[in-house]
Amino acid sequence: MDATVYPLTITRKPDSWLARLFDNKSFLAFLCMLPTAGLLLVFLTYPLGLGLWLAMTDTTIGERGKFIGLENFESLWDDPVFWLSVFNTLFYTIVATAGKFLLGLWLALLLNNHFPFKAFIRAIVLLPWIVPTVLSAIAWWWIYSPQFSIVSYIFVDVLHWSDRYFDFIGTPWPARWSLIVANVWRAIPFVAITLLAGLQTISPSLYEAALLDGASPFQQFRRITLPLLMPILSVVMTLSVLFTFSDFQLVYAITRGGPFNTTHLMATLAFQRAIPGSQLGEGAAIAVAMIPFLIAATLLSYFGLGRRKWQQGEAND
Amino acid sequence: MAAAYTAACKFRFTSRHAPRETTARLPWSKRATPRTWANQTQEHPQGRADIMANITRRDSLVLGAATLGAGTIPLIGAQAQDVAGEVPIENVAPLRYAIEKDATLRVLRPAKFIDPDEVFWRENSKKFTAQTGVPVRVDFVSWEDMRPQTAVVANTGAGPDIVVGFSSDPQIYASKIHDMTDLADYLGKKYGGWYDLARVYGRKWGTNNWISIPIGGGTGPLVYRKSWLKEVGYDRIPDDHQGFLQVCQKLQKAGHPWGMSLGHALGDANGYASWLLWSHNAMLTDEKGKIALDSKETQDALKYATELHKTMIPGTLTWGDPSNNQAYAAGSISLTFNGVSLYYVIKNSPDPKLKEMAADTEHQEVPKGRATRPPRSATPINAMVFKHTKFPNAAKAYIQFLMEREQYGPWLSNCIGYWSQPLKAYAKMKFWTADPKLAPFAAAMDTPYYDGYKGPVTPASAAVTANYVLVDMFASVATGNAMPQAAAKEAARQAKRYYEKA
């Protein structure tokens, strides 16, 4: 056999600068991220920057303002209504988050068991979360109505346990608690379903092993469930704190910040001053004042809760 | 109570657009539109194509409700002639604008809350087009969007030629709108003169130059149940503070308390707070615009409000703008302050119980207290012609056309008190006396009081209103959560923030 060996020559044209550029990994990465970066710039950075800028101007609806530095913040510093809204927001966030986590985790643990119509009930549980907030807020508004409350109706007219209708949202503290109840009710499904997803990833063999070792249910929860749930718990907690802190719809639809501003959250106060009140600059300043709190809350959840398990991996006790 | 509960729910679901969304200010009045699912499915008998030409989603939902207005006015043209004759006119030289060639107009105005408002507005615009050949497009914008949209029009110098905006808007955009003195003088002379409130809002503050044409105003007098008032020994509500307080105390004892919001209800609570202030001769600002709230009169008002608050149905601090309507329609309260819409809704309700209630309902001017004129205001709408329009003459001609009795008469009379005239001659129209219950609405704009009385009209008064500065002052004192003096000082401090900026 005569084998002819052709010399294998690959002639390559020298790469054009464009081809070389596109072969460059970091350039390509940059290029691929460009659309996302553009979206973020236009829809996140620009509004945020505009908000920061507005906060330092005396812009009103109808008039382009001028730069006034930190005057808005100085005025807010002396404004008892603003500080009341800060207190309300912190109280609302802390209590509501605690409430929805305790109840959400409990619900998740219950749903994690086997019982008839499991899938159906799990779907039903999501309802409060699915219903648009404004609609559920209106429903709560009716429940809390001083004249037409269904709760008062049952207690007073059906059961005759009381002879006065409840004044849910007419006085400061009951109003705050009523709003927290509505907020917790709305957020439980989100917490429960997310935590349920986390629970399902925990291997049953761990529980079997614990059972053989004679661990009590509480020990199982404390030593297996909770540590393994921690990563997802901290993510959900962060999200939930952010949602609650910047809540607007529930409060605006139920009390509008009343009675005399005792339920105003920073978000509702910012809106009230900026849009109906036309003081865009001042409203923006209140919104900007929320940012440090939000950053603090995020950092706390990230570094506090998720520290060992989530940030640095499993076996880092 | 069970019946009342269901009645109230039914009332709400058949008569309201969306709960608690009032933003623009309409003292003591509601955005209720009387309609039921039944009449929404009916066809509008005439002018349908015209109405369909320019409708928003929400308008389309309530379009069928136009039948309600149409039921009472089967032939628009015929009736127009009739009612125009009721309006006396002075002999003045006709005013004719040289309408520009190929002119077109775009008009922005607040959405209607009773259907005849829109039906007749469109009808009149159509007539204008037929007579002058100028096509007119009217956009009806929800109340809360009105002010931001006006701001955009003013700042960009583009968009609608005419904006029918709220109270202080002409003052804010004075440099951007055409002078209207010629038209205002003509209308004033022809129709018996302008009411005080029209002069406050129509003219540039501190001058005699008109910068807008006030179209109408809505107000909220007392609304009460005649039979229950009789039960406690009264035919009318006394005009003095002590007398009013006594009526309220007696009504409460008789199991029919009264109620008025001191919560964050933009129209109702602010209107009530203004009445409390003005009826004690207290005021937010003096003539120069300096905050004058921290006064002995204010403290008297605060003390009086505390006494009055004790006679109310519980829970008024949670009330939004629709709440007193609901409570009244449910029979829970005997007396409140409200616009004509409450009466309009129950009168037109298919429910015989509500109809009966309407017959038992009476309106009366608010108690004067220490004031010499009824201490209440009205929310006016004013037509402004922006300088960016290419057709200023056509725009003025359009506004003139709307204000003439052939057009304005049918529009006004079919709004049955929802809007009240800024021109005195229209008070002579028969519908104001045909139903005596409408009488207090006829003089809605005959008042020296306005938001931010007695200082200049500025955006600051809107900010004070929107931030419930006065409402919260009264609410915190009336519930015992603040001392009168401290509350007045705090409210003055908050108001200063807006007035000093402006």
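How many residues of chain A are in contact with chain B, and how many of chain B with chain A? I began with this question, keeping in mind that the model is a predicted one.

**Entry 1, the A–B contact.** I found 29 residues of chain A in contact with 35 residues of chain B. Looking at which elements supply the chain A side, I noted that H8 and helix H13 (266-274) of chain A are those that give two or more residues to it. I then sorted the residues of that side by character, and they divide into 11 nonpolar, 13 polar and 5 charged.

**Entry 2, chain A as a whole.** I looked up the secondary structure of chain A, which comes to 15 helices and 0 strands. For its overall dimensions I took the box filled by the C-alpha atoms along the principal axes, which is roughly 115 × 70 × 35 Å. The radius of gyration of chain A is 28 Å, whereas a compact globule of 317 residues would have one near 20 Å. I also noted that buried residues make up 35% of the 317 residues in chain A, and that, among contacts between residues at least 6 apart in sequence, 68% join residues at least 24 apart.

**Entry 3, A:Phe148.** Where does A:Phe148 lie? I located A:Phe148 in the loop between helix H7 (133-143) and helix H8 (150-158) of chain A. Is A:Phe148 buried or exposed? I record A:Phe148 as buried, because 24 other C-beta atoms lie within 10 Å and the cut-off for a buried residue is 20 or more. I also checked A:Phe148 against A:Tyr165, and the two are 17 residues apart in sequence and 8.9 Å apart in space, C-alpha to C-alpha.

**Entry 4, the sheet of chain B.** Turning to chain B, I traced an open sheet of 5 strands in the order S2-S1-S3-S8-S4, with mixed pairing. The edge strands are strand S2 (136-141) and strand S4 (213-218) of chain B, each of which pairs on one side only. From one strand to the next the twist averages 20°.

I then followed one pair in detail: strand S1 (residues 105-110) of chain B and S2(B) run parallel and are joined by 6 bridges. Within this pair, I noted that B:Arg106 has B:Arg137 in S2(B) as its bridge partner.

**Entry 5, helices on the sheet.** Helix H8 (residues 143-156) of chain B lies across S1, S2 and strand S3 (162-166) of chain B, and runs at about 130° to S3(B). Helix H19 (residues 392-403) of chain B also packs on the sheet, where I found it touching S1, S2, S3, S4 and strand S8 (379-385) of chain B. The direction of H19 makes about 150° with that of S8(B).

Definitions and conventions:
Residues numbered from 1 in each chain as written. Chains lettered and ligands numbered in written order. Predicted model: local features only at pLDDT ≥ 70, side-chain atom pairs only at ≥ 80, totals over all residues. Buried ≥ 20, exposed ≤ 12 C-beta atoms within 10 Å, placed from the backbone. Contact = placed C-beta atoms within 7 Å. Nonpolar A, V, L, I, M, F, W, Y, C, P; charged D, E, K, R; others polar. Pairing = 2+ DSSP bridges. Axes fitted to C-alpha atoms, helices over the stretch in contact; angles between N-to-C directions. Rg over C-alpha atoms; globule rule 2.2 N^0.38 Å.
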